[in-house]
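Q: I am new to this structure and would like a close look at a single part of it, the largest nonpolar core. Please set that part in the context of the whole chain before you describe it.

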Amino acid sequence: MENRNVSKNLDENIQWWKAAFSDCADIKMLEMSLGEDMSVRTFLTYIEITGGESMLEKRPLGRLLTSLPRLPRQDVLRKMRKNGMGVSDAVPFATMQEAADGLLAGECILFFDGFDRAIKIPDKGYPAMSLQEVESEKSVRGSNERFSNSVKQNAALIRKRIRSSDVKVQEQKVGVRSGTNLYLVYYDGLIYPEFLEEMERRLKSFTIDGVQDIGVVQQLSEKYWYSPFPQFQVTERPDRAAMALLEGRMVVLLDNSPEALIFPTDYNSFIKTTDDYYSRWEIASFTRILRYVASFFAMVLPGLYLAVTNFHTQILPTKLLLSFAAARQGVPFPGVIEVLLMELSFELLREAGVRLPDAMGNTIGIVGGLIIGQAAVDANIVSPMVVIIVAFTALCSFAIPNEDFAAAFRLLKFVFIGLCAAWGYYGFLIGLLFVLIHLAQLESFGMPYFTPFVGADLSKNADVRDTFVRPPSELLKRRPVYANKNNRVRLRVGDQSHTPGRSGKAVIRFIKSDSGKNQVRKRSME
């Protein structure tokens, strides 16, 4: 339909509306007469599921329609012009297309005869799932809330954690036919404006019919589409998104998608978890080192096994080598076929477990893995050592916190199996060299993927401290290199004079009393 301005003639508006939404049984259209003498003709339209029997009793629209019949015609129109109805989220639309977009967003639209604006009245909107617990990014400590399918609710979950007017939310539409709402969220003053400009440019670089999940935006916005490594960090945790904003990064939210995109990102960001900063630094450092080691072995372990057993047996102790040989007695297949059979079987079990309901999926994963592994060993199809190698590789891949990041290592694992089966240790070195070269060339919105190992001088080596080891919280005084260089300091120990609303600094001292007991005395120093 051709867009045009809202007319003062109600019949013209009704005609346009009925033509635009013809054959739409779920769009309700009601003509009413309001005012003291019933002289004000109105037209109310809404999506059936967004209204209900209680709509006229408990909601803002109901209170509005209850008050208007008692007013003269001129008072009704004046109330509409000056928003005197006491509805805080009422929005006037000047064009019919804007009014149609407001309706499709789940709100009620009200037209008045003699008034050249359509009024959006907030209502309960589309049905949405309530907040649920995190599934793929579970943590030992911290909030277990996860994003929902509502982009407005997701933005509110971030604001709940950062209650500042500097958190900005820009709304855009993606999908020329779906008209899906997309939010760009950032902390003004912490980000580099170039990040925002580059993301806006990438969103405008493609035109697509509809976007149903944020994964579509991720794929269309990635510069290096051929790389198995993601250039966006996907999260379902609001606290992870809030932490990213405070680091000077940006967050993308999409309606109908319970996940958020964080950019720019790097290798180190995928290894970190939220509870790294909620737990003591010793245990957080230990588990982070485990994840780094796991990311390496998830990619190379099966290939290294083939390289050592097929080409470079001299590097193994004699007893271990004889144990490997005894375990392979009676196995009719070469080592590479053994490894591929078990790896593919594991991937099939993993895929089956994901697609089935939770209870059945867990049963398939545990029972299927045990039965298939044991039966394959008893039938001399594979050796016990291969089962151990494949199982340990699977554990390493599960230890990687981000699913998209772990998927890259699962794919590269098969590349290393082929290289090591063909050329042994030399194939392993070739594969490792190509992966390192690729990662060194990869970037996310201009930031090297090996940040902060690359360009450490940009942050005066402050970022390097928070890599393999998570230092004590007192040493994490600077934001990462993503943040604006003029606003990098995030922690001042013993000096709170920068805190808004405080005229001085509070000093806490432990003073030993005469009785020998330790007391905490807080003294305000103006």
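**The largest nonpolar core and its setting**

A: The chain is made up of 17 helices and 14 strands, and the model in which they appear is a predicted one. The average pLDDT over the chain is 83, with 84% of the residues scoring at least 70. The stretch of residues 497-526 has a pLDDT below 50, although in the model this stretch has 36 contacts beyond near neighbours in sequence. Where pLDDT is low, the predicted coordinates should not be read in detail.

Some totals for the chain help to place the core. Of its 526 residues, 45% count as buried, and the accessible surface comes to about 27,700 Å², of which 56% belongs to carbon and sulfur atoms. Among the contacts with a separation of 6 or more, 62% are between residues 24 or more positions apart.

The core you ask about, the largest nonpolar one, has 28 residues, and the members that touch the most other members are Phe229, Tyr267, Met299, Phe405, Phe409, Leu439 and Tyr449. Two or more residues of this core come from each of the elements α10 (267-271), α11 (281-310), α16 (403-423) and α17 (425-441). Tyr267 is a useful residue from which to follow the packing: leaving aside neighbours within four places in sequence, Tyr267 is in contact with Tyr292, Ser295, Phe405, Phe409, Leu439, Tyr449 and Phe450. Apart from this core lies another, of 24 residues, which includes Val174, Tyr186, Met250 and Val481.

Met250 also appears in the surroundings of Leu261, a residue of strand β10 (residues 260-263). When neighbours within four places in sequence are left aside, the residues in contact with Leu261 are Ile214, Val217, Gln218, Phe232, Gln233, Val234, Met250, Val251 and Val252. Leu261 counts as buried because its relative accessibility is 0%, which is under the 20% cut-off. From C-alpha to C-alpha, Leu261 lies 9.7 Å from Gln231, with their positions 30 residues apart in sequence.

For a polar residue to set beside these, one can turn to Ser7, in the segment before α1 (10-20). Ser7 is buried, since its relative accessible area of 15% falls under 20%. Its side chain makes a polar contact of 3.1 Å with the side chain of Glu12, and a polar atom of the Ser7 side chain lies 3.0 Å from the backbone nitrogen of Asn9. Not counting residues up to four places away in sequence, Ser7 touches Glu12, Asn13, Phe115 and Asp116.

Key
Residues are numbered from 1 along each chain as its sequence is written. This is a predicted model: local features need pLDDT of at least 70, side-chain atom pairs count only at pLDDT 80 or more; totals for chains, interfaces and linings use all residues. Side-chain values use heavy atoms; hydrogens and water are left out. Helices (H or I, at least four residues) and strands (E, at least two) are DSSP runs, numbered from the N terminus. Buried means under 20% relative accessible area, exposed over 50%, partly exposed in between (1.4 Å probe, protein chains only). A polar contact is a pair of N or O atoms within 3.5 Å; within protein, one must be able to donate a hydrogen and the other to accept it, and residues adjacent in sequence count only if both atoms are side-chain atoms. Contact means heavy atoms within 4.5 Å. pLDDT is the predictor's confidence in each residue, from 0 to 100. A nonpolar core is a set of buried Ala, Val, Leu, Ile, Met, Phe, Trp, Tyr and Cys residues joined through side-chain atoms within 4.5 Å. Accessible areas come from the Shrake-Rupley method with a 1.4 Å probe; for residues, only the protein chains shown count as cover.
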